[in-house]
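Ready for a few exercises with pencil and viewer? Work through each task yourself before reading its solution.

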Amino acid sequence: MATLQNSPPLHRTLVLNSFTKLHKQSTFHCCRRSNSFLVRAEQTPASSTCSPSQDRSRRRQVLAAGTIASWVFLTNQHSVSFAAENKKGFLPVTDKTDGYEFVYPFGWQEVTVEGQDKVFKDVIEPLETVSVNVFPTVKRDIKEFGSPQQVAETLIKKVLAPPTQKTKLIEAVEHEIDGKTYYTFEFVAKAPNYTRHALSTISIGNGKFFTLTTGANERRWGKMKDKLHTVVDSFKIFKV
C-alpha cells in the first residue's frame, strides 16, 4: 500500500456494441431476403401451368416466407426497443486518448476541476457528481496494490474525502470484465452540515490508474442510488 500512498495525486461494452451492430446488419439482410422471396412467389403468373402438388408447395413457401419475415421484424423491433430503454436517461462519454468510457445522467453538466480528468454534476444538487481521475502507474493489475478493502480504505482517507470528514467504508468488491480486474466500493463521508453517499470503481490499464467516483447527498441516496450504480457499473477501460 505504500506505493499507492506515495503515488502522484490522483464501455453494456465495445464487444457488446459490436455484437449489437452485427446483429442489426444480419437482421436487415435477413428481412431483405425474406421479403424478396415473398414478392417473387406472389408474382408467379396465375396462368402458369402447374400441378396441384406444385401449387401446394408454392403456397407453403409463401406462408413460410411471410412467417419468417414477421418473426425477424418483431425480433428486430424488440432489440431496438431494449437498447433504447438501456440508454434512456443517460449520456455516454468516451475518452479515446486515455481509453475509458462511462455514462452519466441526462441533465448533468460538464465542469472543469483542476486535477481531475472529467467531471459532470447536477447544477441544482451540487453533491450529485461523477468524476474521473487518471494518473500514471507502473503496476499492471489493481491487485498489486492490495485487497479491495485495503485499497478502498486508503483511497477514501487519502484522496476521495477531505481529512476533516469522518468516513466509513460500507462495501468493497472485486469483479472482472473482459479479463480486467475492477474494484468497486461504497462509502459515506460526513461533513458538519451534510453526508455524502458515494460509489467508486478503480482499475488499471494503458499504464494508468483510473478512479471513477459518483455520489449524492445522503438525503437523496434512496432516489439516486440506482442511477449512480448505473454510472459506476458502466465504467470500462479499453486499449488505446
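## Exercise 1: a covered strand

S9 is mostly covered, with nine of its 10 residues buried; buried means under 20% relative accessible area, exposed over 50%, partly exposed in between (1.4 Å probe, protein chains only). Helices (H or I, at least four residues) and strands (E, at least two) are DSSP runs, numbered from the N terminus. This is a predicted model, in which local features need pLDDT of at least 70, side-chain atom pairs count only at pLDDT 80 or more, and totals for chains, interfaces and linings use all residues. Residues are numbered from 1 along each chain as its sequence is written, and side-chain values use heavy atoms, with hydrogens and water left out.

Task: find which strands S9 is joined to by bridges.

Solution. Start with S5: eight bridges join S5 to S9, and the two run antiparallel. Here Val-130 has Thr-214 in S9 as its bridge partner. Next take S8, which pairs with S9 in the antiparallel sense over 10 bridges. One of the partners to look for is Phe-210 in S9, matched with Ser-203. Finally, follow the chain between S8 and S9: they form a hairpin with two residues between them, and Asn-206 in the turn has a positive phi of about 60 degrees.

## Exercise 2: the whole sheet

Task: work out in what order the seven strands form the open sheet, and which helices pack on it.

Solution. Two strands pair if DSSP finds at least two bridges between them. Step one gives the order S3-S4-S5-S9-S8-S7-S6, with antiparallel pairing. Step two finds the edges: strand S3 (109-111) and strand S6 (166-177) each pair on one side only. Step three looks at the twist: neighbouring strands are turned by 20 degrees against each other on average, direction ignored. For angles, axes are lines fitted to C-alpha atoms, for helices over the stretch in contact, and values run from 0 to 180 degrees between N-to-C directions.

Step four adds the helices, where contact means heavy atoms within 4.5 Å. Helix H4 (residues 148-160) touches S6, S7, S8 and strand S9 (208-217), and its direction makes about 130 degrees with that of S6. Helix H5 (residues 221-234) touches strand S5 (129-136), S7, S8 and S9, making about 165 degrees with the direction of S9.

## Exercise 3: the nonpolar core

Task: name the residues of the largest nonpolar core that touch the most other members.

Solution. A nonpolar core is a set of buried Ala, Val, Leu, Ile, Met, Phe, Trp, Tyr and Cys residues joined through side-chain atoms within 4.5 Å. The largest one has 22 residues, and Phe-102, Val-130, Leu-212 and Phe-235 touch the most other members. Strand S1 (90-95), strand S2 (100-105), S5, S9 and H5 each supply at least two residues. The largest share, five residues, comes from H5. Now zoom in on Leu-212: not counting residues up to four places away in sequence, its contacts include Phe-102, Val-130, Leu-199, Val-231 and Phe-235.

## Exercise 4: one lysine

Task: decide whether Lys-157 is buried or exposed.

Solution. First locate Lys-157 in helix H4. Its relative accessible area is 56%, so Lys-157 is exposed. As a last check in your viewer, the C-alpha atoms of Lys-157 and Leu-169, 12 residues apart along the chain, are separated by 9.9 Å.
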